[in-house]
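Student: I'd like to learn how to read a model like this one. Can we go through it feature by feature?

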Amino acid sequence: MAQHSTVEKELVTYEREMIFPISVRILHWLRALAIVALALTGAYIAWPMFERPDDTNTLVQGWVRYLHLLTGFVFIGVTLVRGYLFLFTKETRERASFRDVFSLKSWIIQIKSYFWRGHLDKAGIYGPLQLTVYFGITVLAILASISGLVLYAYVYHHGLGGALRPMADMVVHFMGGLARVRYWHHVFAWAFVIFIPIHIYMVVWTGIRFKHNSVEVIITGYDYHKQPVKKG
Ligand code: HEM
């Protein structure tokens with residue numbers, strides 16, 4: 001005779017939430033591509049390994065430099081638009097993260113959660129350490145852009161280059177020479193190169209540690225939140 005028993009199933013449901021709209025995702029990937037292209041072309045400008053002194057026709061350095069500038073202007077455009085969206089968009093969740101940056105309690109919660117103690121409870125989208133690092137990266141982007149524009153203005157004397165020259169002269173004077181500006185532009189480039197692997201590591205680690213969509217969210221825009229368990 002067949003035996004009947006009731007099995008209680010636990011139904012785990014997840015709520016889907018749009019975190020990053022399409023504008024933010026496109027800007028993120030444009031900026032990522034621009035940084036990789038700038039780092040590669042910049043490395044070639046610094047160490048022109050394919051240049052042949054006997055060949056003046058190919059001008060690899062000139063083309064690489066041209067690409068660097070083109071990408072540099074895309075990078076500046078993306079930084080400006082992203083900054084505008086962060087500060088002035090109606091959606092307030094990104095800016096809400098400032099509350100955590102100025103709260104000692106939030107810092108303690110974040111640091112403890114990194115040691116597997118408790119869960120990260122955020123007011124906005126980012127944790128306090130994350131927003132502080134992103135702010136630092138924005139300052140870095142501004143410094144790389146200003147030093148890049150100074151180098152540009154000292155090579156292209158007409159049009160935009162000419163218009164930027166008074167600003168470039170001021171920066172060169174302040175920095176103590178054009179060679180110093182070039183040196184610092186190179187240092188800023190290294191800061192980006194160091195940031196990229198740490199950023200990728202932290203995003204993957206956060207996804208594993210807190211069991212949420214931290215990698216996919218910047219592609220699909222959605223994060224998932226576990227809902228209270230229902231018995232079925
Ligand atoms: C993530 C951002 C950037 C990175 C990683 C980067 C990287 C570099 C590197 C490594 C160099 C070579 C420096 C050297 O000779 O030692 C360079 C040169 C240069 N960069 Fe950038 N750069 C960035 C942004 C920009 C921007 C926004 C502009 C301006 C539109 C720009 C314009 C220039 C110019 C004009 C040079 C000098 C070329 C020459 O010496 O003839 N860069 N960059």
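Student: Let's start with the ligand. Which residues around the ligand come nearest?

Tutor: First keep in mind that this is a predicted model. To read a binding site, list the residues around the ligand, then see which elements they come from. Here 25 residues surround the ligand, and those that come nearest are Gly42, Gly72, Gly148, Leu151 and Ala189. Two or more shell residues come from each of helix 1 (22–46), helix 2 (60–88), helix 5 (128–153) and helix 7 (178–210).

Student: How many nonpolar, polar and charged residues does the shell around the ligand have?

Tutor: Sorting by class is a handy next step. The count is 16 nonpolar, seven polar and two charged residues.

Student: Now the inside of the protein. Which residues make up the largest nonpolar core?

Tutor: For a core, look for buried nonpolar residues that join up. The largest one has six residues: Leu149, Val150, Leu151, Ala153, Ala168 and Val181. Helix 5 is the top contributor to this core, giving four residues. A separate core has five residues, including Ala34, Ile35, Leu38 and Phe75.

Student: And what does Leu149 touch, leaving out residues up to four places away in sequence?

Tutor: Leaving out close sequence neighbours shows what the fold brings together. Leu149 touches Leu164 and Ala168.

Student: Let's zoom out. What pattern does the protein chain follow along the sequence?

Tutor: Read the elements in order. The pattern is β-β-α-α-α-α-α-α-α-α-β-β, with eight helices and four strands in the chain.

Student: What about overall shape: what radius of gyration does the protein chain have?

Tutor: Compare the value with what a compact globule would give. The chain has 24 Å, whereas a compact globule of 232 residues would be near 17 Å. Its C-alpha trace spans about 95 × 45 × 35 Å along the principal axes. As for burial, 14% of the 232 residues count as buried.

Student: How much of the contacts with a separation of 6 or more comes from residues 24 or more positions apart?

Tutor: Sequence separation tells you how far apart contact partners sit along the chain. For this chain the share is 67%.

Student: One last thing, backbone angles. Is tryptophan 116 buried or exposed, and what is its phi?

Tutor: Check the sign of phi, then the surroundings. Phi of tryptophan 116 is near 60°, a positive value in a non-glycine residue. Tryptophan 116 sits in the loop between helix 4 (104–114) and helix 5. It counts as exposed because 7 other C-beta atoms lie within 10 Å, and the cut-off for exposed is 12 or fewer.

Notes: Residues are numbered from 1 along each chain as its sequence is written. This is a predicted model: local features need pLDDT of at least 70, side-chain atom pairs count only at pLDDT 80 or more; totals for chains, interfaces and linings use all residues. A residue is near a molecule or strand if its C-beta atom, placed from the backbone, lies within 6 Å of it. Ala, Val, Leu, Ile, Met, Phe, Trp, Tyr, Cys and Pro count as nonpolar, Asp, Glu, Lys and Arg as charged, and the others, Gly among them, as polar. A nonpolar core is a set of buried Ala, Val, Leu, Ile, Met, Phe, Trp, Tyr and Cys residues joined through C-beta atoms within 7 Å. A residue is buried if 20 or more other C-beta atoms lie within 10 Å of its own, exposed if 12 or fewer, and partly exposed in between; C-beta atoms are placed from the backbone. Two residues are in contact if their C-beta atoms, placed from the backbone, lie within 7 Å. The radius of gyration is taken over C-alpha atoms; the globule rule is 2.2 Å times the number of residues to the power 0.38.
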